[in-house]
Amino acid sequence: MTHIVTENCIKCKHTDCVAVCPVDCFHEGPNFLVIDPEVCIDCGVCIPECPIDAIVIDDDKKVSDLTYWAQVNKDLSQKWPVITVKKDPLPDHADWKDKPNKRDLLEK
Ligand code: F3S
């Protein structure tokens, strides 16, 4: 089991999640964060911290494309640097909150 950052984080990147993670499992890309599944301990403290509900547990039945996002988190966590300190969200985050079909906007 692990936790997974999903599509709604794209172009928002609030980073409240990183401030509470006890094992520093978040990695930062240009417009998205991912969780390293090998480091996440499934404590769940990050889930309520995300203001746009972008983080889910990996057996969340409400998320249809969870397998895709699990692979994205796994792959990009090996490529991107760890982030441990909260920063400002992306400037136009409010415009992108809950927008559908952001997948192709993910900058790798
Ligand atoms: Fe993304 Fe939410 Fe963290 S928008 S950076 S998962 S607080």
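What is the volume of the largest cavity? I began my notebook with this question, and the value I found for the largest cavity is about 90 Å³. I note at the outset that I am working on a predicted model, and I have kept that in mind for each entry below.

**Entry 1: the largest cavity and the ligand**

I looked up how many cavities reach 30 Å³ or more, and the count comes to 2. The largest cavity is the space that the ligand takes up, so I read the two descriptions side by side, as the grid behind the cavity is laid over the protein atoms alone. For the lining of the largest cavity I found 13 residues, and those that lie nearest its centre are C9, H14, T15, C17 and C50. For the ligand I found 13 surrounding residues, with C9, T15, C17, L33 and C50 as the closest.

I then sorted both sets by class. The lining of the largest cavity holds 9 nonpolar, 2 polar and 2 charged residues, and the shell around the ligand is made up of 9 nonpolar, 2 polar and 2 charged residues. I add for my own reading that Cys is counted as nonpolar in this scheme, which bears on C9, C17 and C50, named among the residues nearest the centre of the cavity.

**Entry 2: the second largest cavity**

How much space lies in the second largest cavity? I noted a value of about 60 Å³ for the second largest cavity. Its lining is given by H3, C21, P22, V23, C25, F26, C40, I41, C43, G44 and C46. When I divided this lining by class, I obtained 9 nonpolar and 2 polar residues, with no charged residue in the second largest cavity's lining.

**Entry 3: the largest pocket**

I turned next to the open space, where the largest pocket has a volume of about 210 Å³. The pocket is lined by 13 residues, and T6, E7, N8, D53 and V63 are the ones nearest its centre. By class, I wrote down 6 nonpolar, 3 polar and 4 charged residues for the lining of the largest pocket.

**Entry 4: salt bridges**

How many salt bridges are there by the rule applied here? I counted 6 salt bridges, and I followed three of them in detail.

I took the pair of K13 and E28 to begin with, where the closest N and O atoms are 2.7 Å apart. K13 sits in the loop between β1 (3-5) and α1, while E28 belongs to strand β2, so this salt bridge ties together parts that are 15 residues apart in sequence. I checked the accessibility of both partners: K13 is buried, at a relative accessible area of 7%, and E28 is buried as well, at 16%. I also found that K13 and E28 are joined with K87 in a network of salt bridges.

I then looked at K62 and D60, a salt bridge in which the closest N and O atoms are 3.3 Å apart. Is each partner buried or exposed? K62 counts as exposed, with a relative accessibility of 73%, whereas D60 is buried, with a relative accessible area of 16%.

The third pair I followed is D65 with R103, for which the closest N and O atoms are 2.9 Å apart. This salt bridge links distant parts of the chain, since D65 lies in the loop between β4 (55-57) and α2 (66-77) and R103 in the segment after α3, 38 residues apart. Both partners came out as partly exposed, D65 at 21% relative accessibility and R103 at 30%.

**Entry 5: positive phi values**

I closed with the backbone, bearing in mind that most residues other than glycine have a negative phi. Which residue in the loop between α1 (16-20) and β2 (26-28) did I single out? The residue is D24, which lies in that loop and has a positive phi of about 55° although it is not a glycine. D24 is partly exposed, with a relative accessible area of 38%.

I made a further entry for N101, a residue other than glycine whose phi is positive and near 55°. I located N101 in the segment after α3 (93-96), and at 68% relative accessibility N101 counts as exposed.

Definitions and conventions
Residues numbered from 1 in each chain as written. Predicted model: local features only at pLDDT ≥ 70, side-chain atom pairs only at ≥ 80, totals over all residues. Heavy atoms only, no water. Near = heavy atom within 4 Å. 1 Å grid on protein atoms, 1.4 Å probe; cavity = no way out; pocket = protein on both sides within 12 Å on 5 of 7 lines; lining within 4 Å. Sits in = over half its atoms within 2 Å of the grid points. Points joined across faces, edges and corners; volume = space filled by probe spheres on them. Helix = DSSP H or I, 4+ residues; strand = E, 2+ residues; numbered from the N terminus. Buried < 20%, exposed > 50% of the residue type's maximum accessible area, 1.4 Å probe, protein only. Salt bridge = Lys/Arg side-chain N within 4 Å of Asp/Glu carboxyl O.
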